[in-house]
Amino acid sequence: MAAAPVAEGAPAEPHDSNSSAESLDRLYPAVGSTKPPRKRTTSQCKSEPPLLRTSKRTIYTAGRPPWYNEHGTQSKEAFVIGLGGGSASGKTTVATMIIEALDVPWVVLLSMDSFYKVLTKQQQEQAASNDFNFDHPDAFDFDLIIATLKKLKQGKSVKIPIYDFTTHSRKKEWKTLYGANVIIFEGIMAFADKELLKLLDLKIFVDTDSDIRLVRRLRRDISERGRDIEGVIKQYNKFVKPAFDQYIQPTMRLADIVVPRGSGNAVAIDLIVQHVHSQLEERELSVRAALASAHQCHPLPQTLSVLKSTPQVRGMHTIIRNKETSRDEFIFYSKRLMRLLIEHALSLLPFQSCTVQTPQGQDYEGRTYSGKQITGVSILRAGETMEPALRAVCKDVRIGTILIQTNCNTGEPELHYLRLPKDISEDHVILMDCTVSTGAAAMMAVRVLLDHDVPEDKIFLLSLLMAEMGVHSVAYAFPRVKIITTAVDKKVNDLFRIIPGIGNFGDRYFGTDAPPDWSDDEDALST
């Protein structure tokens, strides 16, 4: 392989200038190794993560693709790109350019700058006078970096510390990152730990002239971090430049791709993007294949509960499935079905015995809900139509919302908006969507709830109509989630429409026009 690109980086933080030679043992292979340098091709090539790419638009998201195998685990590990290089070499800029050029969903940008160690009081005083070495390997919490990157690569959510460069300390708040298809990890010591190197699928080194790096660092530290020019130059000469020569530049030979001139090298960016695309194609888990694999000729799972098909229920289905039904009638009978569905779902919640006294002074052996709280979460937009029915039967119920849209180019659902009540992890959660065909959107919504520590067995997925394919997909990925619906149809056609189906619920309910290629998992898409 060749060498790679880097983006605009931030300075490293904490460690004593009295660094020991043992720190070099972290390098892999050791700096003094006699192993000949690998052949490489020279070419060129921090925003808040995670980044979602959708049809040339960049938006922020908090979620990840929901493709899991029958054991409920991610089928493929993420592809991890390591970006190394000197301070202010352009690593973050290169990372952003790669994200733009890749134009694939689910790209997470993870910065090493978030993982500076917590300073002691004495080290804080040294840092205030520019006498602390932030450009030494011991300044970083490599154990936390490795543990975090391992979890991200496995598709799990992680908590990331937030570092304040003006006070040289971690903030009290942490931010949550979610797994992705591609993870870009950038930092000055990105290649300075042998365990960390094992997690990188592609290593890119951004090689930028030292004078340019100094000018960039001066501009950044003065304008963004409140430093004075004298302090920046002192820190650069005492720590930054010696650290680059001793710890950073030697790791260039570990890179697969070296990018001279950083973000100014379009050729290198193209090379990197082509390589990443080829790797993703090799690892790709087809959306259709993933969903179809879950739908075999298996009996419906025991976690599924279908409302009894009484003449009344079947009559309401006849009305709402009829294409000639007026919008007013469609809304009226849909609401009636929703009320019955939610009443049925509540009967499946845990209850415990209790004794109360009647107004006649007599004891009554009754039942009471044994959980802490019930929270409803609607998958926008169709799912929000179920909220009034839930509020009508659950006093003081809390409501959250999730907006999921399917990328028309990739076929993958993407999380665009998330608002959940606080402390939801202890609640029984009623997850609401009106139709489920493939189960893709429902699976992502479940995954988001799990990432917010809601126990799997406390999630109740409610839908007016589901396809067998969606039932199997959700049940095989999340075998403890309870699935509750009023009816299950057997087929999903090539456009992922439920057959015989109900039509596009959201468009029929809200009176909007469905796009020509809608699917029943895409009611959230037309908002």
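Strand 17 (residues 428-432) is mostly covered, with 5 of its 5 residues buried. This is a predicted model.

**Strand 17 and its partners**

His 428, Ile 430 and Met 432 point one way from strand 17. Val 429 and Leu 431 point the other way. Residues on both sides are buried. In a regular strand the side chains alternate between the two faces of the sheet.

Strand 17 pairs with strand 14 (residues 374-380) and with strand 19 (residues 459-463). Both pairings are parallel. The table gives the bridges and one facing pair for each.

| Partner of strand 17 | Sense | Bridges | Facing residues |
|---|---|---|---|
| Strand 14 (residues 374-380) | parallel | 5 bridges | Ile 374 opposite His 428 |
| Strand 19 (residues 459-463) | parallel | 4 bridges | Leu 431 opposite Leu 461 |

**Cysteines**

How many disulfides does the model hold? The count comes to 0 disulfides, by a rule that asks for cysteine sulfur atoms within 2.5 Å. Cys 434 is buried, at a relative accessible area of 0%. Cys 354 has 25% relative accessibility. Buried means under 20% and exposed means over 50%, so Cys 354 counts as partly exposed.

**Thr 251**

Thr 251 sits in the loop between helix 6 (229-248) and strand 10 (257-260). Is this loop residue buried or exposed? Thr 251 has a relative accessible area of 5%, and it is therefore buried, since the cut-off is under 20%. What does the side chain of Thr 251 reach? Its partner is the backbone oxygen of Ile 248, at 2.6 Å. That distance falls within the 3.5 Å limit for a polar contact.

Definitions and conventions:
Residues are numbered from 1 along each chain as its sequence is written. This is a predicted model: local features need pLDDT of at least 70, side-chain atom pairs count only at pLDDT 80 or more; totals for chains, interfaces and linings use all residues. Side-chain values use heavy atoms; hydrogens and water are left out. Helices (H or I, at least four residues) and strands (E, at least two) are DSSP runs, numbered from the N terminus. Buried means under 20% relative accessible area, exposed over 50%, partly exposed in between (1.4 Å probe, protein chains only). A polar contact is a pair of N or O atoms within 3.5 Å; within protein, one must be able to donate a hydrogen and the other to accept it, and residues adjacent in sequence count only if both atoms are side-chain atoms. Two strands pair if DSSP finds at least two bridges between them.
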